[in-house]
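Please open the model in a viewer and keep the sequence panel at hand. The stops below follow one another as a series of selections.

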Amino acid sequence: MLKNFWYAVEFAHAVTRAPTKVTCLGQDFVLYRKRDGSVVCLSDLCVHRGAALSAGSLVGDRIACPYHGWQYEPDGACAKIPANPEGRGIPKKARVDSYPVREQAGLIWAFLGDLPAEERPPIPAFPEHEDPAFSTVYVDMVIEANYERTFENVVDAAHTPFVHGTRFGNPDKPQIPDYDITEDDWSAVADIRLSPPPARGLWKRLYKERPAEVVVTNGWYLPNIVKLHVRLPFGDMILYDHNIPLSRDRTLVKIVGYRNFFTGRWADRDARKRIRSILLQDKPVVESQRPELLPYDLPDELHLRSDALQVAYRRRRQKLMADGWWVGDDDAAVAGGRAGNAAVIPSPARRENPELARAWQHRARGADPRPRERTTEGESE
Ligand code: FES
Ligand SMILES: [Fe+2]
């Protein structure tokens with residue numbers, strides 16, 4: 001799992017004044033809206049005794065822990081400890097990590113890492129979101145597989161005739177013509193020519209004649225997004241597929257789907273149903289893959305020309321791992337990790353405020369930029 005990226009952690013419409021727990025990179029976070037509507041993302045691990053802040057309640061723009069009522073500001077600093085007698089100060093270490101948030105393209109994005117703003121990788125563009133010609137649907141599903149397996153599955157054009165049969169592929173024409181990749185540090189995209197299946201259901205009304213091929217734009221955007229743009233004879237269907245690592249072995253797939261045909265709300269149900277049925281076809285195959293985790297070395301699996309998008313991803317991932325952006329799987333304390341450790345993704349404040357450098361109770365996951373000094377309070381590392 002890669003830290004130092006913007007992750008879409010929830011649909012924007014699902015985040016309200018009621019605290020919501022979300023999970024990503026094997027860690028729990030709490031999201032809530034402040035009174036002005038902007039969204040806060042904090043580590044969901046109270047620094048006192050580790051209760052989940054998401055089970056607490058809001059006091060103005062602060063969140064109060066359900067266990068002993070400590071109140072945290074949106075920047076993560078504890079502002080009130082009810083058990084303290086009047087006049088007693090609040091320890092500097094009484095703070096949780098607060099992550100930068102953006103609301104964009106119908107999603108809440110949290111920056112899960114400690115890079116300063118100017119060094120953060122971009123959030124990809126979603127031009128369809130602002131385009132009134134498109135309608136939008138939101139779909140999600142949990143897959144019991146590692147997120148890199150579910151992610152690669154969506155850039156894998158060659159599986160469609162086999163896994164999706166006549167729904168989204170043509171078993172009579174499984175060949176993938178060679179394609180060129182347009183690549184930068186954060187994405188790789190290709191136009192792939194596929195033979196379409198015959199139309200079914202609602203779409204039949206729009207299908208006059210089946211074309212010999214359709215151009216599908218397929219590509220990945222780091223850390224976990226896949227774009228699939230299918231040009232149908234009667235319009236465009238564009239899916240953005242977010243593969244959110246809940247834990248090492250579980251992925252929450254969130255899809256935002258756009259279409260510029262049948263744009264009435266009446267057709268949303270059909271659009272969601274089509275997306276769900278495609279995901280349900282992928283699910284058992286992806287859950288069966290072994291090893292469960294994506295191999296590190298390229299020669300550990302056999303690649304063909306048609307696998308070029310996946311190979312581009314694996315190469316880029318190796319580079320980011322070498323740069324220390326990989327978050328180990330063994331130190332996740334909150335969601336499904338080892339029970340004896342409390343470690344969190346470090347937030348930017350750890351780097352940005354030198355005076356706070358040692359003010360963190362919870363150990364940072366991944367490379368830790370903090371100076372390693374022992375303090376009288378007996379810091380753990
Ligand atoms: S565990 Fe949160 S206030 Fe005690
Ligand atoms: Fe698929």
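## Confidence first

Colour the chain by pLDDT: the average for the protein is 90, and 92% of the residues score at least 70. The model is a predicted one. Two stretches should be marked before going further. Select residues 331–336, where pLDDT stays under 50 and the model has 23 contacts beyond four places in sequence. Then select residues 369–381, again with pLDDT under 50 throughout, for which the model has 15 contacts beyond four places in sequence. Coordinates predicted with low pLDDT should not be read in detail.

## The two domains

Colour residues 1–122 together with 327–381 as domain 1, and residues 127–294 as domain 2. Taken over C-alpha atoms, the centres of domain 1 and domain 2 are separated by 33 Å. How many residues of each domain take part in the contact between them? Domain 1 contributes 18 residues, which are in contact with 14 residues of domain 2. On the domain 1 side, the elements that give two or more residues are strand E1 (5–11) and strand E2 (20–24). The largest share of that side, 5 residues, comes from E1. By residue class, the side of domain 1 that touches domain 2 divides into 13 nonpolar, 4 polar and 1 charged.

## Strand E1 and its surroundings

Select residues 6–110 next; UniProt, in an unreviewed entry, places the feature "domain: Rieske" here. In the model this stretch is 0% helix and 42% strand, and its end C-alpha atoms are 5 Å apart.

Now narrow the selection to E1. Of its 7 residues, 6 are buried, so E1 is largely enclosed by the rest of the structure. Adding strand E11 (residues 107–112) shows its pairing with E1: the two run antiparallel and are joined by 6 bridges. To find the register, display Tyr-7, which stands opposite Ala-110 in E11.

Two backbone conformations may be inspected from here. Most residues other than glycine have a negative phi, and most peptide bonds are trans. Asn-4, in the segment before E1, is not a glycine yet has a positive phi of about 70°. Is Asn-4 buried or exposed? Asn-4 is buried, because 23 other C-beta atoms lie within 10 Å, and 20 or more are required for that class. Ala-105 also has a positive phi, of about 55°, although it is not a glycine. Ala-105 is found in the loop between strand E10 (101–104) and E11. Having 19 C-beta neighbours inside 10 Å, Ala-105 counts as partly exposed.

## Into domain 2: Ser-135 and helix H1

Move to Ser-135, which lies in strand E12 (residues 135–143). Ser-135 is partly exposed, with 18 other C-beta atoms within 10 Å. Which residues does Ser-135 touch, not counting those up to four places away in sequence? They are Tyr-258, Arg-259, Thr-263 and Asp-268. For a sense of scale, draw a distance from Ser-135 to Leu-320: the two are 185 residues apart in sequence and 36 Å apart in space, C-alpha to C-alpha.

Next select helix H1 (residues 147–154), which is mostly covered, with 8 of its 8 residues buried. Among these buried residues are Glu-148, Arg-149 and Glu-152, as well as Tyr-147 and Phe-151.

## Strands E14, E15 and E16

Display strand E14 (residues 187–194) with E15: they pair in the antiparallel sense over 8 bridges. Leu-194 has Val-214 in E15 as its bridge partner. On adding E16, one finds 6 bridges joining E15 to E16, which run antiparallel. Here Val-216 stands opposite Val-230 in E16. E15 and E16 form a hairpin with 3 residues between them.

Stop in the loop between strand E15 (214–221) and strand E16 (225–232), the place of Pro-223. The peptide bond from Leu-222 to Pro-223 is cis, with omega near 10°.

## A last stop

Finally, select Pro-291, in the loop between helix H3 (268–288) and helix H4 (308–322). The peptide bond leading from Arg-290 to Pro-291 is cis, with omega near 0°.

Conventions:
Residues are numbered from 1 along each chain as its sequence is written. Chains are lettered from A and ligands numbered from 1 in the order in which they are written. This is a predicted model: local features need pLDDT of at least 70, side-chain atom pairs count only at pLDDT 80 or more; totals for chains, interfaces and linings use all residues. Domain bounds come from an automatic or database domain assignment. Two residues are in contact if their C-beta atoms, placed from the backbone, lie within 7 Å. Helices (H or I, at least four residues) and strands (E, at least two) are DSSP runs, numbered from the N terminus. Ala, Val, Leu, Ile, Met, Phe, Trp, Tyr, Cys and Pro count as nonpolar, Asp, Glu, Lys and Arg as charged, and the others, Gly among them, as polar. UniProt positions are given in the numbering used here, feature names are shortened, and annotations may be inferred rather than shown by experiment. A residue is buried if 20 or more other C-beta atoms lie within 10 Å of its own, exposed if 12 or fewer, and partly exposed in between; C-beta atoms are placed from the backbone. Two strands pair if DSSP finds at least two bridges between them. pLDDT is the predictor's confidence in each residue, from 0 to 100.
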